[in-house]
Structures are given as C-alpha cells and as structure tokens.
Amino acid sequence: MLNRTADNVARATPEPLARRIRGISDKGLAWLFISPTILLLLAINIFPLFWAIYLSFTNYRANRPNEVVKNLGLANYRRILGDQDIWIAMQTTAHFVFWTILLQTVIGFTLAWLIDRKFRGHAFWTTIILVPMMLSPAVVGNFWRFLYEPQIGLFAYAVSFVTGIPPTNVQMLSNVELAPWAIIIVDTWMWTPYVMLICLAGLRSIPEYIYEAAEVDRASNWRQFWSITLPMALPFIMLAVLFRGIENFKMFDMVNLLTGGGPGSTTEVASITLKRQAFESWRTGYSSAFAIILFVAVFGLANIYVKALNKVKQR
Amino acid sequence: MKSTWKLALGLASAITASTAISNVAHAEDLTLCWAAWDPANALVELSKDFTKETGIGMKFEFVPWTNYADRFLNELNSHGKLCDLIIGDSQWIGGAAENGHYVKLNDFFDKEKISMDDFVPATVVGYSEWPKNTPNYWALPAMGDVVGWTYRKDWFSRPELQKEFKEKYGWDLAPPTTFDQLKQIAEFFQKRQIDGKTVYGASIYTERGSEGITMGAMDVLYSYGFQYENPKKPYEMEGFVNSEKSVKGLEFYKALYDCCTPPGSSNAYMGEGVDAFKSGQVAMHMNFAFTWPGLQKDENVGGDKIGYFVNPKGPDGDQFAQLGGQGISVVSYSDKQESALKYIKWFANKDVQAKWWSLGGYSCLNSVVKDPKFPSSQPYAQAFLDSMAIVKDFWAEPSYAPLLQASQKRFHDYVVAGQGSAKDALDGLVKDWTQIFQDDGKM
C-alpha cells in the first residue's frame with residue numbers, strides 16, 4: 001500500500017526543469033540564474049572594495065588623473081593612525097553610537113512593551129509612532145533644522161516655555177555642548193520606531209502558555225518581565241542594536257544636514273571626515289585607506305557582536 | 001486604402017524630415033555650466049542675443065552653490081562632455097590649467113584681438129591667469145565679484161538713534177570706514193528694539209561646509225596684515241599667515257561673531273546673509289556684490305532703505321576685500337570648441353558687456369566700469385568699483401581644495417566653537433598648509 005502511494009507521488013512529481021532543457025544540469029541551471037546577480041555583486045561591491053584597497057597604498061588623487069601614481073606602502077595608514085583629528089572624529093562617532101543605541105533601545109523596547117499590551121487604539125498609535133521612520137532623512141534633517149531655529153523654531157519655544165530660558169538662548173545647533181545632543185535627539189526620534197518594531201516582533205514571539213504557567217506559579221508581573229519577557233526578547237533587542245550600531249557608525253546624512261560637522265568640528269563624525277578627505281580635499285588614496293580602516297572596524301566589531309548574539313540565542 | 005497608405009507615408013516622411021532639420025538646428029547647441037543664482041538668469045537673457053546673431057542655441061546647466069564645486073569639478077575630472085563652456089570659480093584656475101580641463105586662450109585672444117589690458121587688472125589675475133601674474137590665460141573675466149557690505153540706511157538716518165550713538169561713541173552714526181567703527185555700530189544695534197522688533201548688529205560669514213567662514217574671516221585678516229606667504233620666498237608662511245597682526249585680525253572676527261550676530265548664525269553664508277538682511281534682522285550685512293541688485297529691488301529693505309560700503313580698513317590703514325567672481329572658459333573635452341570660442345568672442349564685445357551690467361551681471365571690462373556714467377548707473381556701482389580696487393584672492397593653487405578645507409576647520413574651530421586661541425588656529429593653519437604643499441612637492 002505504502003509502495004503504491006510512493007509510486008503515485010513519484011509519478012505526479014514534475015520532471016526537473018533542467019532535464020527538460022537539453023544539456024543543462026540542475027546545478028548548471030542554478031548557476032545560470034544566479035550569475036547575473038553574482039556579476040553585479042562583483043562589479044558593484046567586490047571590485048570597488050579591492051580597488052579601494054589598492055588605492056589605499058597610493059598617493060592617487062581623483063582630481064589629478066594625469067599625475068603619476070606612486071606606491072606609498074603603508075604611509076597612508078600610518079598617517080591616519082597618527083592623525084589627532086581622525087581620532088577625535090572616531091571618538092565623536094563612538095559618542096553618537098553609544099548614546100543613540102542606548103536611547104533607542106531603552107525607548108524602543110519600552111514602546112514595544114506598551115504597544116504589546118494591546119490597549120484600545122494600539123494599532124493607531126503603532127502607526128503614528130512609525131511615521132518618523134518612514135520619512136526621508138533629508139526631510140527629517142531640514143524639518144528639525146527649522147525646529148531648532150532659535151528665533152522661529154518650535155523646539156526653542158517649547159524649551160523656553162518649560163524652563164523660562166529665552167528662546168534665542170536655546171541655540172541647539174550653534175552651541176558646542178548642545179549640538180551633539182541635537183543630532184542624538186533627531187536620530188533617536190527617527191529610528192526608535194525601528195527598534196520598537198523589532199522588539200515588538202520579539203515580544204509577540206513569546207508563547208502565551210509560558211506566561212500562563214508563570215501565572216499558575218503565582219509569579220509577579222515584575223518577575224515575569226525579568227524571567228520571561230526580557231530574556232526571550234533579548235536576541236531581538238540585540239539584533240536591533242546590531243542594525244542600529246552599524247547604521248549609526250556610518251551616520252552621515254543627519255549630521256550633514258543639521259550641523260555639517262560643526263560648530264567647529266564638534267559633531268564631525270568619521271563619515272563626514274571621510275567625505276571631506278575624499279570629495280572636498282580629493283585625497284583619494286588617503287581616504288581609501290581611511291575607508292578600509294572604518295570597514296575593518298565595523299566588520300570586526302559586528303563579527304564579535306554576532307558571536308555574542310549567537311551565544312545568547314543558544315541559551 | 002491606397003490613400004491611407006499615402007497619408008501614412010507622407011506623415012512618416014514629414015516626421016523624419018522635421019527631425020533631421022531639428023537635429024541640424026540643434027547640432028551646434030552649446031551648454032554653459034554655472035551656479036544657479038541671479039546673475040545666471042541675467043546671462044540666459046543676455047545669451048538670447050548670441051543665438052539671434054549666430055544661430056547657435058544655448059543650453060544652461062545651473063547647479064546650486066552648495067553643489068556647484070562638487071558637481072562641476074567631478075564633471076571636469078571625469079573628462080565629461082556636458083559643459084562646452086564653464087564659468088568656474090576663481091580658485092579652480094590653477095587645477096583646471098594644470099590638469100588640462102580648460103583650453104588655453106592666448107592664441108585665440110591674439111587672433112581675435114581680445115586684449116586682457118581691456119579688463120580690470122584684478123579680475124585678469126584672479127579669473128584668467130595661471131600661473132598668477134604671468135600672461136597665460138585660461139578664461140575671460142566674466143563676472144566681477146567682491147565682498148562688501150550693505151547697511152540699513154533708514155535705521156542709520158533716524159535722528160534719535162544718531163543722537164544716542166553720538167553720545168555713546170562720540171562720532172556720527174554713518175557707514176564705518178574702520179573695523180573698530182564697524183564693531184561699535186554692530187554693538188549699538190545688537191538686540192535693539194526697532195519698530196517693535198529685536199534686531200541685531202551684523203550678519204557675517206560663518207559657514208563650515210564649503211568656503212564661507214574663510215571668505216568672511218579673510219576680509220578682516222587681509223586688512224589686519226595677513227599675508228599668504230613671504231613675498232620674497234614663495235610658500236614660506238611662518239610669520240606671515242600667523243603673524244601678530246593676523247592673530248589680532250582673527251581675534252577681531254571672533255569678537256564680532258560673539259558680540260553682534262543674530263542667534264543661530266553659526267553656519268551662515270550667502271543665502272543666510274541675504275535672508276537676515278531681507279527679513280530686517282540686521283543693521284549691516286557682509287556679502288558678495290552679486291547680491292546687491294536683488295537687495296536693491298527688495299520692497300522691504302531696498303530702494304532708499306539700503307546703503308552700501310566697502311570692506312573697512314584695518315588698524316594700520318590697510319584695506320583689502322576678498323575677491324569673488326569667475327571667468328568663462330572653454331572646456332577642453334567639448335566637441336564644440338569652435339562654437340564655444342565664438343561665444344567667448346561675442347561675450348567680450350563692448351556692447352554685450354554693457355548690456356550684461358544693465359541686466360544685473362558684473363562686467364569686468366574697463367570700457368564699462370570706467371565709463372563716467374558707471375558710478376551713477378546703480379546705487380551700488382561706486383561701492384563695487386571701490387571694492388574691486390582692493391581685492392585679494394585665496395590660494396588659486398591646484399591644491400586649493402585641501403587648503404580651503406584646512407582654513408575652514410581652523411577658523412570654525414576657533415571663531416564659532418571657541419576652541420583654542422587665534423594663535424593656535426593660525427599656527428595650525430601654517431602646519432596644515434605646509435603639509436599640503438610638501439605633498440605637492442612644492443616645499
């Protein structure tokens with residue numbers, strides 16, 4: 001009986017497509033389909049990467065194509081690692097990454113936890129919260145630049161209303177102390193919903209019966225949160241931190257639109273320095289070396305982090 | 001049926017023929033690349049005469065100032081054919097000449113009897129020559145420009161303000177002739193209530209991203225005694241860039257920024273300056289002269305309400321102003337160089353230059369600016385003439401971009417962010433510039 005069923009299934013299964021196209025094996029067909037993507041990937045990602053590695057050892061400048069290109073060995077790397085301005089830019093980047101991740105994770109998870117309560121109108125509020133994330137960074141940057149405007153901006157008036165400080169004294173983008181926070185606030189406003197979405201997915205994936213079992217054991221809400229909710233949502237939270245960490249390490253658009261790296265160099269993150277060296281000073285070889293250093297730093301840190309994430313998932 | 005086929009065939013032939021004719025008509029269309037600003041609109045108007053005279057159509061590629069350098073330097077560096085003619089910034093001339101982006105115009109000028117002696121000398125050096133002060137021409141001076149000042153003539157002339165000012169400072173409230181006077185006026189107006197509105201002293205350049213703060217600070221530094229290099233030994237900058245006088249000049253610029261600018265002016269350049277003046281926020285406004293025709297026409301602050309003055313003198317009586325403006329060049333990668341040269345020849349014509357000025361462009365031709373009627377032709381004409389007589393320009397070296405980036409950083413760090421001292425900033429600048437010239441093999 002079983003054999004007969006198996007025969008029927010085998011007969012009903014269509015002949016592999018590859019066999020119908022004469023002369024091409026299944027594997028060959030797979031390569032045929034995948035090759036355009038591979039070629040595109042090689043042309044757009046892999047070749048430029050190797051080309052950048054090559055340029056990083058030279059004195060090449062894109063604005064002087066006729067000049068003889070000299071091999072400098074590791075000179076560009078040595079110069080970057082010994083450049084105080086570069087280290088300051090790296091510190092500024094680290095400052096942004098730390099605070100944006102911390103704030104976005106705490107607020108994002110809290111919002112997800114609240115939304116997960118499924119109160120009346122939670123779907124509506126979820127949509128409202130997601131709006132900033134859907135806007136273009138260019139729109140957000142310009143929008144907040146006007147909000148921060150000390151003479152006409154609503155932000156300055158709101159702060160003035162609460163604190164009594166005259167609005168013209170609330171100079172978020174001109175003040176050395178406040179400018180970094182002005183960017184952190186905008187990035188947090190824009191990307192917290194993204195963290196919230198990932199955390200919400202994590203919270204929704206926790207089976208209901210675990211909470212029911214905890215209820216039977218008379219575990220308090222607090223206990224349930226610490227022993228069930230947080231540990232089970234942790235891989236999702238860590239995933240959100242990974243995504244935001246990589247993105248914020250490369251943060252460019254928001255800083256460029258809000259402060260352009262100023263006042264002075266207070267908000268000059270690594271990507272702004274890189275852009276200035278590559279496309280304003282036209283030091284192509286030097287900036288390629290800097291780009292490689294940044295790539296290795298992000299890649300290395302992300303790898304370490306992914307290993308930690310896998311360990312948490314296995315627990 | 002036959003008649004339908006005939007009709008279709010006829011239509012097809014007509015379409016083919018008209019396309020061919022249109023291709024012939026537009027085969028010689030020239031594309032001129034420049035920044036998107038008021039003078040560019042005037043040039044579009046002016047160029048209609050060129051098309052009428054020659055039958056060569058003109059297309060224009062205008063890019064906002066914020067992307068102007070990025071866009072067109074990329075175009076030139078990649079040997080692009082987009083631009084047949086380009087009105088490139090004065091600082092680009094060294095790089096464009098050495099990298100072969102522009103056609104050298106000496107032979108053409110000789111052939112067409114276009115003499116550089118017919119143009120304002122500062123504009124020839126600033127916009128056309130590379131190496132500087134040698135008769136090697138890469139552009140025809142096209143748009144004269146210089147940093148100067150506008151002020152609220154209507155506020156200055158108020159009797160109650162004049163009286164108060166005189167009592168406080170001991171001299172009549174009038175356009176300043178020295179930087180000390182300028183600061184006193186700015187302090188006087190700072191946070192003053194005029195017609196129920198809080199106003200501020202002055203709008204100055206503080207922009208960080210492109211060239212703003214350098215163009216502004218240099219106006220003060222030149223007049224305080226700053227020099228780019230030892231006049232007797234090129235590229236020797238120690239003691240010139242960071243001289244005591246230069247330090248005092250930079251300290252003054254910071255003091256002016258701290259005391260007398262509107263709130264939130266930490267990243268202000270041409271557009272922000274115009275906005276501050278047009279919205280009635282400031283008593284004085286530093287900007288390039290190209291903004292003046294637009295301000296003069298403005299209903300709220302133009303007409304009788306606006307006045308113009310030349311960049312003031314420094315403590316030792318030196319007086320200089322930052323050169324702006326551009327020359328027009330033929331791009332060496334263009335396939336239509338002959339037509340492009342025809343445009344240059346046409347543009348150099350006296351009548352065309354006179355019309356250029358009347359439309360809002362700033363002619364650099366002596367016959368236009370030295371015409372006895374010129375100073376009274378516009379309320380700002382005299383201030384423009386006087387300013388053009390005292391210009392200095394930033395490095396026009398092929399490495400002008402990194403040189404500019406270094407000064408932008410050093411000046412902004414000190415003036416706006418208040419980090420370190422003026423001496424630190426200028427010492428740092430000498431270090432940066434020395435490194436750049438060493439990389440170039442010039443030191």
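Contact, in this tour, means heavy atoms within 4.5 Å. Helices (H or I, at least four residues) and strands (E, at least two) are DSSP runs, numbered from the N terminus.

The model is predicted: local features need pLDDT of at least 70, side-chain atom pairs count only at pLDDT 80 or more, and totals for chains, interfaces and linings use all residues. Residues are numbered from 1 along each chain as its sequence is written, chains are lettered from A and ligands numbered from 1 in the order in which they are written, and side-chain values use heavy atoms, with hydrogens and water left out.

**Chain B as a whole**

Begin by selecting chain B, which contains 20 helices and 12 strands. Its radius of gyration (taken over C-alpha atoms) is 24 Å, close to the 22 Å that the globule rule (2.2 Å times the number of residues to the power 0.38) gives for 443 residues, so chain B is as compact as a globular protein of that length. The C-alpha trace spans about 95 × 55 × 45 Å along its principal axes. Buried residues (under 20% relative accessible area, with exposed meaning over 50% and partly exposed in between; 1.4 Å probe, protein chains only) make up 58% of the 443 residues. Of the contacts in chain B with a separation of 6 or more, 73% join residues 24 or more positions apart.

Next, colour chain B by pLDDT, the predictor's confidence in each residue, from 0 to 100. The average is 92, and 94% of the residues score at least 70. Then select residues 14-25 of chain B, where pLDDT stays under 50 and the model has 0 contacts beyond four places in sequence. For the complex, the predictor gives an ipTM of 0.81 and a pTM of 0.86.

**Helix α12 of chain B**

Select residues 270-278 of chain B, which form helix α12; here B:M270, B:G273, B:V274, B:A276 and B:F277 are buried. They cover an arc (that of the directions from the helix axis to the C-beta atoms) of only 160° around the axis, which puts them on the same side of α12(B). An α-helix has 3.6 residues a turn, so residues three or four places apart point the same way. To see what the buried residues of α12(B) pack against, add α3 (65-77), β5 (147-152), β7 (197-203), β8 (282-288), α13 (292-297) and β9 (306-309) of chain B. After the helix comes B:G280, whose phi is positive, near 70°.

**Helix α2 of chain B**

Move to residues 38-54 of chain B, helix α2. At 1.5 Å a residue (times one less than the number of residues), its 17 residues should span 24 Å, and the end C-alpha atoms are 25 Å apart, which agrees. Its buried residues include B:P39, B:L43, B:L46 and B:F50. Among the elements that the buried residues of α2(B) pack against are β1 (30-35), β2 (58-63) and α14 (337-347) of chain B. B:G55 follows α2(B), with a positive phi near 80°.

**Stops in the loops**

Select B:K113, in the loop between α5 (106-112) and α6 of chain B. Its phi is near 55°, a positive value in a residue other than glycine, and at 73% relative accessibility B:K113 counts as exposed.

B:D195 lies in the loop between β6 (192-194) and β7 of chain B. Phi of B:D195 is also positive, near 50°, and the residue is exposed, with a relative accessible area of 63%.

Finally, look at two prolines. The peptide bond from B:W130 to B:P131 is cis, with omega near -5°, and B:P131 is in the loop between α6 (121-128) and β4 of chain B. In chain A, the bond from A:G262 to A:P263 is cis, with omega near -5°; A:P263 lies in the loop between α12 (253-258) and α13 (270-280) of chain A.
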